Amino acid sequence: MIGPKLNQQIVTAINEKTKNDHEKRKFIIEVLFEEIKHLEHWHFRGYYKNKIREYNKQRYK
Amino acid sequence: MRIKKIKFKNYRQYKDVEIILKKKENKNDLHVFISVMGTGKSNLLNAINWCLFKEEPFLSRKDRKSPQLNLSIVKDAVDDEEYRMRVEIFAETLTNQISFLRDQYFQIHKINNDQGYNSHETREQFITTLIDDNGNSKLYTDEEANEKVKLFVPYGIKDYFFFDGERLDKYFKEATGQHIKNAIYQISQVELLDRSRIHMQKTLEGLQKDAGKKSPEIEKTRKELEGENNNIKTHSNELENCKKQIAIAKKNINKLEDNLRGMPDTEKLQKQKDSLKDDFIKQEKLYTDKIKAKNEFLFSNGINIFLWPTTKNALETFNKLEDDGQIPPTHDKDLLQKIITKEKCICERDIKCGSIEEKAILSLINSIKLSPKTSQELTKMKEELVSNKNTVELYTRKNSSITKEIKNLKEVLDGIDGKIKDIDRQLAGFDMIKIRYWREEIRKFEELRDENHKSLGIFETLLSNAKNKFKELTEILNKEILRESKLENLRNDMLLAQDIIKILEESNEEIMNSMRQQIESETEKRFLQLHWKKNTYKEVKIKDDYTISTIHNLGFDCMDTFSGGEREVLALAFSTALHNISGSDSMIVIDRPFAMVSGITTEYIANILSEISSERQVILLLTPNDYSKKVGAILEKKASNIFEMKLSKNERELKLEEYKYVNYT
């Protein structure tokens, strides 16, 4: 059931809330896709931290 | 996600069976299995559940006592040899393939040369294999394999994918608001948002800790924030616990009320009986007192009654004497005699011998038969006789009145006795101790429910206060971090994390509300479409706490008055709406969807299921009776496969054949 397909309603809600920030939208959707893969808890902490750093590096370079 | 193949080896009747569920061109992903009762139809549902969750929730009473291993294998088993039972499910998504394989090994011990057997499980294995769109496969075992089952059908909501039509009527009795919320939450993937939010929150906390290391002021606020966060967690847990307790209490109350259905209210009847017994004792005392009074009355009037014929005759004689003028005495005979003797009247006039006066006096003397004394005595006697006569007449009236009162009291006593016997008849054959125990349990669970309802309000306030405090502290912390020039990079990371958390929270809330409304409207549409009563129900409501109610045209909630069939229709409407709105593309397997409905409703349900099968895989398990002419006509148009399940001659092995079509269309 929870396959690679993300519920369209979730995508719509995220799109709605990140209208002017394409990068942020991409960031959240990517995070959700990783969640779909159901990563272990310990893995996530590092994953999120790196993801945020990566995003902010892009944003403020 | 659809099942494309299931392979069975030695699982109950499925000794060596392979079911291929191929969707045919121009047909829907609808697959129908038809078999008579006891063939092993429900065991297909059990096999799927066993393979995925190691559970067999739909076992018949007979199967519960039979070994899991195929009976032919058991019969021909070599003593102490190990035998394998296997169910393997092959499923596919748009891009991936996934298979689940569960093996269970048994060792068989024969008892006294084939007189019986013992079997015990030796070892087992569960393997999940994922194959991606590039053909790369990855194998998972044990816990990892179990985790992958969640991708297919999460355990908590499996009942919304695999149903037993015969039990659907229990759906909303058992499904509390919490279960429904959970179902919406999981099927719609909203939990992804929540999981991401939790992880993002932890990341933010990590970043705040990093910031705290660089400034003691920040560390102080952070610790306060951490404390408040712990309060939020504690109150949330308390709140959830309350909700769980309420759900448990409600579930148990429903279960116990189910047990008591059709049974007399023994407590009420016992109270009635006790009260009747008290009344009986009071009335009985009145009755015996009255009988005693009657006896005394009879005794006191006995002589009068006994003498009544004599009294009656005497009175008649008196009356005759009165009529003759003998009594009361009119003239004094002695005085008249004296006048004759003295020849002088009392007025001193002479009464001459032979005169007219003397003759008149003599004639008068001759007419008087009783002496004045006797006459006076007799008059006195008459008074007593008349008094006796009055007593006798009063006796008749009083006796009749007492007798009537006694009769009435007897009737009251008989009435009370009849009622007591009626209550005894109502209570006869029931286990009073068990019934009393169930009623006490209901009272206990009602108390538990009410207590938790009270606590719920308290914890909601505490949680709300903690959240407000948390918000305040977050703002303070943000300001402190902004002031700290050394924290520029961390600050950006933290602001982003906070922003994402907010987006995820808001999205979560919006989607849950929107989903609830959509599922409510879709459930209502389907329910009204499926229900045979077209003018009775107005709407279906999913309330804020996710409990379901159905509103009658006259405006009242009528869920509690639903029949089994109506509950089934609502359950089916809700489940299909849930799937449709949530975007889940997983299959639905239903054992006997028409078990509790009849007539036109079976056709409505067949049509709905047939429609649903254009969106997702639908597997139906039916009896030949379920597969009526009209149902057949509806399903045959869309079904990719219709199989018939038959048992072998020895009734231990199931065979699958293509159903011989009768062209109903």
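# Exercises on a two-chain model

K541(B) stands opposite S549(B), a residue of strand 10 of chain B. The exercises below concern a predicted model, and each is followed by a worked solution.

## Exercise 1: A hairpin in chain B

Determine in which sense strand 9 and strand 10 of chain B pair, and over how many bridges.

**Solution.**
Step 1. Locate the two strands: strand 9 of chain B covers residues 537-542, and strand 10 of chain B covers residues 548-552.
Step 2. Establish the sense of the pairing, which is antiparallel, and count five bridges. The pair K541(B) and S549(B) illustrates how residues of the hairpin face each other.
Step 3. Examine the connection. Five residues lie between the two strands of this hairpin, and Y546(B) has a positive phi near 70°.

## Exercise 2: The mixed sheet of chain B

State the order of the strands in the open sheet of chain B whose pairing is mixed, and explain why one side of strand 8 and of strand 14 has no neighbour in the sheet.

**Solution.**
Step 1. Write down the order of the six strands, which is 8-11-12-3-13-14.
Step 2. Read off the ends. Strand 8 (162-164) and strand 14 (654-658) of chain B are the edge strands; each has a single partner strand, so one side of each has no neighbour in the sheet.
Step 3. Describe the turn between neighbours: on average, neighbouring strands of this sheet are turned by 20° against each other, direction ignored.
Step 4. Consider one pair within the sheet. Strand 3 (residues 30-34) and strand 13 (residues 641-647) of chain B pair in the parallel sense over four bridges. Here F33(B) has F643(B), in strand 13 of chain B, as its bridge partner.

## Exercise 3: The antiparallel sheet of chain B and its helices

For the open sheet of chain B with the order 2-1-4-5-6-7, describe the pairing, and find which strands are touched by helix 1 of chain B.

**Solution.**
Step 1. The sheet has six strands, and its pairing is antiparallel.
Step 2. Its edges are strand 2 (14-20) and strand 7 (137-141) of chain B; each has a single partner strand, so one side of each is left without a neighbour in the sheet.
Step 3. The average turn between neighbouring strands of this sheet is 15°, direction ignored.
Step 4. Take one pair: strand 1 (residues 2-11) and strand 2 of chain B are joined in the antiparallel sense over six bridges. The bridge partner of K9(B) is D16(B) in strand 2 of chain B.
Step 5. Add the first helix. Helix 1 (residues 41-53) of chain B packs on the sheet and touches strand 1, strand 2, strand 4 (82-92) and strand 5 (97-111) of chain B; the direction of this helix makes about 90° with that of strand 4 of chain B.
Step 6. Add the other helix. Helix 4 (residues 142-152) of chain B lies across strand 4, strand 5, strand 6 (116-131) and strand 7 of chain B, and runs at about 65° to strand 6 of chain B.

## Exercise 4: Two helices of chain A

Describe how helix 1 and helix 2 of chain A pack, giving the angle and the distance between their axes.

**Solution.**
Step 1. Recall what is required: two packed helices are described by the angle between their axes and the distance between the axes.
Step 2. For helix 1 and helix 2 of chain A, the angle is about 150° and the axes are 10 Å apart.
Step 3. Classify the angle. Angles over 145 degrees count as roughly antiparallel, and helix 1 and helix 2 of chain A are therefore roughly antiparallel to each other.
Step 4. Give the handedness: helix 1 of chain A passes helix 2 of chain A in a right-handed crossing.
Step 5. Name the residues. From helix 1 of chain A come I10(A), V11(A), I14(A) and N15(A), which meet R25(A), I28(A), I29(A) and L32(A) of helix 2 of chain A. This contact has six nonpolar residues, one polar and one charged.

## Exercise 5: Where the chains meet

Find how many residues each chain gives to the contact, and characterise the crossing of helix 1 of chain A with helix 15 of chain B.

**Solution.**
Step 1. Chain A gives 29 residues and chain B gives 34 residues.
Step 2. On the side of chain A that touches chain B, helix 1 (8-17), helix 2 (22-36) and helix 3 (41-60) of chain A each supply at least two residues. Helix 3 of chain A provides the largest share, nine residues.
Step 3. By class, this side of chain A has 16 nonpolar, seven polar and six charged residues.
Step 4. The axes of helix 1 of chain A and helix 15 (residues 488-530) of chain B come within 10 Å and cross at roughly 135°. Helix 1 of chain A is therefore oblique to helix 15 of chain B, and the crossing is right-handed.

Notes: Residues numbered from 1 in each chain as written. Chains lettered and ligands numbered in written order. Predicted model: local features only at pLDDT ≥ 70, side-chain atom pairs only at ≥ 80, totals over all residues. Contact = placed C-beta atoms within 7 Å. Nonpolar A, V, L, I, M, F, W, Y, C, P; charged D, E, K, R; others polar. Axes fitted to C-alpha atoms, helices over the stretch in contact; angles between N-to-C directions. Parallel < 35°, antiparallel > 145°, perpendicular 65-115°, else oblique. Left-handed = near helix turned anticlockwise from the far one by under 90°. Pairing = 2+ DSSP bridges.
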